[in-house]
Amino acid sequence: MPAARVPWRPVVGVAAALVLVLPLGFLWWTSRLPSTYSVMEMGYVDLGGGPGTAQSSGDRAGHDGHGMAGGVSVAELTGPRQGGPDVDVTLVARKQSFRLASGEEVDGYTINGTSPGPTIRATVGDLVQVTLVNRDVTSGATLHWHGVDVPNAEDGVAGVTQDAVPAGGRHVYRFVAPHEGTYWYHSHQVSHQQVRGGLFGVLVIDPAGPPTVDVDFAVPVHTYDGRRTVAGRTGVTRVDAAAGSAVRLRIVNTDNGPLRTWVSATPFRVLAIDGYDINGPGELSDRVVVVPAGGRADLGLAVPAAGSVRVELGAGTAVVVGPPGRRPARSPEPAAEFDQLSYGSPVALPFDPSSPDRRFEYRIGRRIGFVDGRPGFWWSINGHLWPEVPMYSVVEGDVVRMTISNTSGDVHPMHLHGHHAVVLSRDGVKSTGSPWWVDSVNVGDGETYVIAFLADNPGVWMDHCHNLQHASEGLVAHLAYEGVREPYLVGTSAHEDTNNEPE
């Protein structure tokens, strides 16, 4: 009797399918996030060449689930709890349709009935108290004080520094205004949707003493449904100013991409970047100033005797400063960009970045893989996809040096919470001008920045791309201090109807 023939071809086909499907299934399964988690449990610890810490035992950043057992809680790292505030503001968040200052209707979010929300002004040293009331934002809301180095519990990041405020709830933020400059506030709950929809406003911290300019005007630039605006107005915004007036324009980029701005036919100076004044700013002409997403640039200029000044902000928007009735023509974009690497005069730094205690790498790339069970072409950090990304671990008092490189094919405005860093070099070229302090730095494709900062604000801090859509797709890491534990969870909160979703 002849031997039975084995159907090899179907067997080989099944085997080949299993070889392909099983690894993909494994990758899919292992990429899925738990329904709730602490950011301290995600990824791996990066000590940056410094000594190990108690919370870095094992492969994960977490210890006992929420950071260092027995350490200080993020919730305890608050601003002053006692004392009457010098600035006391209540901000009411709503989900609603509203009209821009120029009349167009938008379906989004408001604060106190408008978007942008009211501009808050304080003076250095003031105790600021802001009460956020969530009238009806069903997904919850928070307020993050972008660029203000507040205590960790006041930072306003859902699932990291607080629980999201549910509809009908309220939350009080208290902090001492630490440094003069231009800042802004925005929700850090489902931020890629809520900020785009209008849940933001401007914060200006003035120096003590009399004003140094005649006109001081905040210029929040935001795009609603494809319509670029200045303070909620499309087209040209007029600012009345007499001839010869000294003017400070505080440009705030609240969008996801870089903003290109230039001044027509009038010399100007860049007075400050990200809230920090430039030492010895020189006069500029025919230069484009690129403001990263989330970043700010203060421009100083004088109104000429025979006309007005027009500041272009792209997409048909502009600010015209001068006497009423003057209409300067729109000017073409200059070919040359402003470069702060050599702008202004050097001055000593408050720490020595040449002898850092920690050296970190933040290499931004892109690769195919799974994130939370979803296949795609995702942003990566040091070759890893979220959540297997670094938790940068520091000890209070460390001098930290970080190299940020980008080979992802896109630009990334990188934003570190709770700290300002100084740019040491870009693409190997050292900074030779005024110290270039940033909290939001534009890292273009193919660029490498070396920055340094002092770890002087304990907590657990986000370090993420401020193209908020990119952040929602996994371009997020954290900076954690030894001895700090995390009481909050992403994916759930103390409020039954609201989940913490920071991005």
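Strands β11 and β12 of this predicted model form a hairpin with two residues between them, and in the turn D225 has a positive phi of about 50°. Strands, like helices, are DSSP runs numbered from the N terminus (E, at least two residues, for strands; H or I, at least four, for helices). The two arms of the hairpin, β11 (residues 215–224) and β12 (227–230), run antiparallel and are joined by four bridges. Two strands count as paired if DSSP finds at least two bridges between them. One of the bridges links Y224 to R227 in β12.

A word on conventions is useful here. Residues are numbered from 1 along each chain as its sequence is written, and side-chain values use heavy atoms, with hydrogens and water left out. Because the model is predicted, local features need pLDDT of at least 70 and side-chain atom pairs count only at pLDDT 80 or more, while totals for chains, interfaces and linings use all residues.

The hairpin belongs to an open sheet of six strands in the order β12-β11-β14-β19-β16-β17, with mixed pairing. Its edge strands are β12 and β17 (276–277), each of which pairs on one side only. At the β17 edge, β16 (residues 269–273) and β17 pair in the antiparallel sense over two bridges, and A272 has D277 in β17 as its bridge partner.

Back in strand β11 lies V219. V219 is buried, with a relative accessible area of 1%; buried means under 20%, exposed over 50% and partly exposed in between, with a 1.4 Å probe and protein chains only. Leaving aside residues up to four places away in sequence, V219 touches V230, L249, R250, I251, V252, L313 and V319, a contact being heavy atoms within 4.5 Å. V219 and A231 are 12 residues apart in sequence, and their C-alpha atoms are 6.2 Å apart in space.

Zooming out, the protein has three helices and 34 strands. Its radius of gyration is 25 Å, close to the 23 Å that the globule rule gives for 503 residues, so the protein is as compact as a globular protein of that length. This radius is taken over C-alpha atoms, and the rule is 2.2 Å times the number of residues to the power 0.38. Along the principal axes, the C-alpha trace spans about 110 × 55 × 50 Å. Of the 503 residues, 55% count as buried. Among contacts between residues at least 6 apart in sequence, 75% join residues at least 24 apart.

Open and enclosed spaces were mapped on a 1 Å grid over the protein atoms alone. A cavity is a set of points where a 1.4 Å probe fits but cannot get out, and a pocket is an open set with protein on both sides within 12 Å along at least five of seven lines; lining residues have an atom within 4 Å of a point. Grid points are joined across faces, edges and corners, and a volume is the space filled by probe spheres set on the points.

The largest pocket holds about 520 Å³ of space. It is lined by 25 residues, with L33, Y37, W386, S472 and V490 closest to its centre. Both α3 (468–472) and β33 (476–481) supply at least two residues of this lining, which has 13 nonpolar, eight polar and four charged residues. In this scheme Ala, Val, Leu, Ile, Met, Phe, Trp, Tyr, Cys and Pro are nonpolar, Asp, Glu, Lys and Arg charged, and the others, Gly among them, polar.

The second largest pocket has a volume of about 430 Å³. Of its 23 lining residues, V290, F338, W436, N442 and Y449 lie nearest the centre. At least two residues each come from β18 (289–291), β19 (296–302) and β30 (440–443); β19 is also a member of the six-stranded sheet. The lining of this pocket has 12 nonpolar, four polar and seven charged residues.

A search of the whole structure finds three cavities of 30 Å³ or more. About 90 Å³ lies in the largest cavity, and M414, L416, D439, V441 and I451 are the closest to its centre among 13 lining residues. Strand β26 (412–416) gives the most to this lining, with three residues. The second largest cavity encloses about 40 Å³. Its lining includes V39, W386 and H478, and divides into eight nonpolar, two polar and no charged residues. W386 is also among the residues closest to the centre of the largest pocket.
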